[in-house]
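Me: I would like to learn how aromatic contacts and strand pairing are read from a set of coordinates. Could you take me through them one at a time?

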Amino acid sequence: SFASSSDSEEDDWNETGMLLSPEYIAGTWKGNGHFCTPSCCRLEISPACCGGICVYYYCGCIPLPFWGRYMVKCGQCYFDCDDDNIWTPDINTLDMKCGRGFVRNKEMIR
């Protein structure tokens, strides 16, 4: 997770702009304020098999996710074969299409 990862991945990202590893982005992310990803929404990400990630999307105080996906690395993004890609433009941001996205929720770091 972010709190326990080494600085080497952050240094590598800064130098290469690479896609961050599943272990590095694991944790809780909050909506970036876009109308499709308001700040009351959150993503829970965990590393999965084959270098992919499991992503669960929650909204507000509802305890059950309303969206769940397995996403695999594909070039410079994580891809779910349903055109819902996730990019990591920096170490604290997850970008999706049309302005949707999430920011690292530092209050909820594991």
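Me: How many aromatic pairs does the structure hold?

Reply: A pair of aromatic rings is described by the distance of the centres and the angle of the planes. In this predicted model, the structure holds three aromatic pairs. One of them joins tyrosine 57 and tryptophan 67, edge-to-face, with 6.0 Å from centre to centre and 90 degrees between the planes. Because tyrosine 57 lies in strand E3 and tryptophan 67 in strand E4 (residues 67–74), this pair ties together parts that are ten residues apart in sequence.

Me: What is the geometry of the pair that tyrosine 57 and phenylalanine 102 form?

Reply: That pair is also edge-to-face, at 5.4 Å centre to centre and with 85 degrees between the planes. Phenylalanine 102 belongs to strand E8 (residues 101–104) and tyrosine 57 to strand E3, so the parts tied together here are 45 residues apart in sequence. Ring pairs link Tyr57, Phe66, Trp67 and Phe102 into a cluster.

Me: Is tyrosine 57 buried or exposed?

Reply: Burial is judged by relative accessible area, with under 20% taken as buried; tyrosine 57 has 9% relative accessibility and therefore counts as buried, while phenylalanine 102, at 1%, counts as buried too.

Me: In which sense do E2 and strand E3 pair?

Reply: E2 and strand E3 (residues 53–59) pair in the antiparallel sense over seven bridges, and one bridge sets proline 47 against isoleucine 53 in E3. The two strands form a hairpin with five residues between them, and cysteine 50 in the turn has a positive phi of about 60 degrees.

Terms used. Residues are numbered from 1 along each chain as its sequence is written. This is a predicted model: local features need pLDDT of at least 70, side-chain atom pairs count only at pLDDT 80 or more; totals for chains, interfaces and linings use all residues. Side-chain values use heavy atoms; hydrogens and water are left out. Two strands pair if DSSP finds at least two bridges between them. Helices (H or I, at least four residues) and strands (E, at least two) are DSSP runs, numbered from the N terminus. Rings of Phe, Tyr and Trp (its six-membered ring) pair if their centres lie within 6.5 Å; planes under 30 degrees apart count as stacked, over 60 as edge-to-face and the rest as tilted. Buried means under 20% relative accessible area, exposed over 50%, partly exposed in between (1.4 Å probe, protein chains only).
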